[in-house]
Amino acid sequence: MIKEFNSQMAFASAVPADLNTSGVNMMNQSSETTTGAVFTQKNSNSRDVQSAVPAEQIAGAEATGNATNVNPAAGAAAQPAENKQAAFRKFWTWLNEDDTEDDGLTPEEREAKKRANRAGFAVLYRKELADHLSSKRFWAMFVLLFLVSVAALYGAVGALQQASLQAQAKSTSLGDFMFLKLFTTSGSNIYSFSTFLGFLGPVFGIMLGFDAINNEIAQGTLNRLAAQPIYRDTIINAKFLAGATIVFMTVFSLGGLLAGMGLLMSGINPAAEEWFRLIIFLFMAGVYISLWLAIAVLFSTTSRHAATSALISIALWLFLTMFFSFVATGIANLVYPSAGASAQSLIGNYRLNAGLNRISPFYLFSEVTSVLMNPNVRSLDIMSLVEYQNGAIASYLTLGQSLLQIWPHLVAMIAEALIGFAAAYISFMRKEIRA
């Protein structure tokens with residue numbers, strides 16, 4: 001019967017295309033009958049017929065829906081794959097669908113609504129900027145930072161002049177990067193500008209954001225803002241962005257004023273690399289203060305009263321700035337006891353202590369300051385101290401090498417700021433403001 005089927009198939013392939021279609025139909029009916037007979041034999045004697053049936057016939061049978069008779073296991077195995085493909089196609093279709101609510105608007109009207117929202121964001125952003133710049137609280141804090149910075153600069157200039165006289169008496173030089181030392185040198189009775197910025201900068205950020213949301217609720221103006229034709233998250237986005245703008249304006253204003261005063265008072269001619277280092281340092285200071293702004297906005301959304309959010313923010317700042325180092329030291333001493341410990345244990349103690357301290361934004365900013373403003377710092381690890389003790393030759397790092405040292409600190413501070421703002425954003429979007 002198989003030979004008869006093969007001869008019929010050969011005859012069908014030899015028939016010209018322009019012959020009568022009835023002959024072709026007759027041949028197809030004969031082929032279907034023969035195929036059915038072949039599979040009937042396979043069911044009766046599977047082992048013998050399976051080896052005799054060609055692969056082309058099995059493929060034809062699968063195409064006509066008889067694949068389960070040829071190999072049931074293959075069909076069962078292909079079913080989960082088809083289900084996965086169908087699920088993936090369904091997910092891909094859902095992902096590409098327009099998630100815009102069916103509000104009955106045309107695409108042109110919906111685009112006009114988006115433009116109105118962007119215009120509303122710009123108006124609210126300018127309004128928040130104007131509120132900050134006209135606030136007595138802001139100007140009081142700005143004047144305080146300016147006076148403290150000028151006092152720190154005066155102390156640094158006096159310390160550097162005294163050190164220069166001592167160096168001239170010993171016929172030595174003070175070294176390079178003297179311009180950067182104006183911002184990091186402490187006077188006899190006052191801290192340096194970088195120390196003041198690291199300590200008082202968070203207070204400035206907290207002052208800008210501790211009443212961002214709860215004050216609007218207390219005054220009854222938040223529901224009016226939400227009733228405007230803008231998206232709800234526009235309110236908190238504009239408030240945070242306006243506060244961050246004020247932070248960077250203040251930091252760069254103070255840095256520029258002190259740089260100009262330092263040039264006039266000391267007569268130092270700074271190099272281009274010193275200017276770049278100062279600009280990057282001021283940018284890092286802005287990120288550092290914006291981190292505390294995000295934390296203050298977070299507590300402003302979760303607290304009903306502005307005094308509560310201010311107290312929580314200041315308490316967290318004091319803990320992370322002054323007391324967290326004691327906690328990190330205690331944990332490191334528990335894990336790696338220092339009494340009678342080996343050198344490996346001491347190194348582990350130092351690294352664990354430093355790793356835990358880097359949770360604190362103040363510690364991160366202090367390390368950034370030490371690397372950027374002092375190119376002689378080659379590493380933040382304990383092995384750098386060991387190298388100096390063993391007589392390693394001191395040399396300056398280039399700006400690129402210093403940036404390689406501090407880029408993890410920049411990423412960590414930006415991540416902490418984003419986490420704080422994301423928490424504030426989620427809390428605000430879930431908050432009931434209809435009162």
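Is the crossing of α8 and α13 left-handed or right-handed? I opened my notebook with that one, and the crossing turned out to be right-handed. A reminder to myself: I am looking at a predicted model.

**Entry 1: α8 and α13**

I stayed with this pair for a while. Two packed helices are described by the angle between their axes and the distance between the axes. For α8 and α13, I found an angle of about 30° and axes 10 Å apart. Angles under 35 degrees count as roughly parallel, so α8 and α13 are roughly parallel to each other.

Next I looked up who touches whom. From α8, the residues in contact are Phe138, Phe142, Leu145, Phe146, Ser149, Val150, Leu153, Tyr154, Val157 and Gln161. They meet Ile246, Thr250, Leu254, Leu257, Leu258, Met261, Gly262 and Met265 in α13. I sorted this contact by class and got 14 nonpolar, four polar and no charged residues.

**Entry 2: α10 and α13**

I then turned to another partner of α13. Helix α10 covers residues 193–209, and α13 covers residues 233–266. Their axes come within 11 Å and cross at roughly 155°. Angles over 145 degrees count as roughly antiparallel, so that is what I call α10 and α13. The way α10 passes α13 is a right-handed crossing.

Which residues of α10 meet α13? I noted Phe193, Phe204 and Leu208. On the α13 side, I wrote down Gly243, Ile246, Val247, Thr250 and Leu258. Here the classes are six nonpolar, two polar and no charged residues. Looking back at my list for α8, I saw that Ile246, Thr250 and Leu258 of α13 were written there too.

**Entry 3: α14 and α19**

My third pair was α14 with α19, the latter being residues 399–429. They pack at an angle of about 20°, with their axes 8 Å apart. This angle is why I wrote "roughly parallel" beside α14 and α19. Here α14 passes α19 in a left-handed crossing. The contact divides into 20 nonpolar, five polar and three charged residues.

**Entry 4: enclosed space**

Now for the gaps. Rolling a probe the size of a water molecule over the atoms shows where empty space is left. I counted two cavities of 30 Å³ or more. The largest cavity has a volume of about 50 Å³.

What lines the largest cavity? I found Leu145, Val148, Ser149, Phe193, Phe196, Leu197 and Leu200. Both α8 (136–169) and α10 supply at least two residues of this lining, and α10 gives the largest share, four residues. By class, the lining of the largest cavity has six nonpolar, one polar and no charged residues. I recognised Leu145 and Ser149 from my α8 list in the first entry, and Phe193 from my α10 list in the second.

**Entry 5: an open pocket**

Last, I looked at the second largest pocket, which has a volume of about 270 Å³. It is lined by 18 residues, and the closest to its centre are Glu128, Asp131, His132, Arg137 and Asp211. The elements that give two or more residues to this lining are α7 (107–133), α8, α10, α11 (214–219) and α14 (272–302).

Which element gives the largest share of the lining of the second largest pocket? That is α7, with four residues. The classes for this pocket are six nonpolar, five polar and seven charged residues. I put that beside the lining of the largest cavity, where I had noted no charged residues.

Methods
Residues are numbered from 1 along each chain as its sequence is written. This is a predicted model: local features need pLDDT of at least 70, side-chain atom pairs count only at pLDDT 80 or more; totals for chains, interfaces and linings use all residues. Side-chain values use heavy atoms; hydrogens and water are left out. Axes are lines fitted to C-alpha atoms, for helices over the stretch in contact, and angles run from 0 to 180 degrees between N-to-C directions. Angles under 35 degrees count as roughly parallel, over 145 as roughly antiparallel, 65 to 115 as roughly perpendicular and the rest as oblique. A crossing is left-handed if the near helix is turned anticlockwise from the far one by less than a right angle, and right-handed if clockwise. Contact means heavy atoms within 4.5 Å. Ala, Val, Leu, Ile, Met, Phe, Trp, Tyr, Cys and Pro count as nonpolar, Asp, Glu, Lys and Arg as charged, and the others, Gly among them, as polar. On a 1 Å grid over the protein atoms alone, a cavity is a set of points where a 1.4 Å probe fits but cannot get out, and a pocket is an open set with protein on both sides within 12 Å along at least five of seven lines; lining residues have an atom within 4 Å of a point. Grid points are joined across faces, edges and corners, and a volume is the space filled by probe spheres set on the points.
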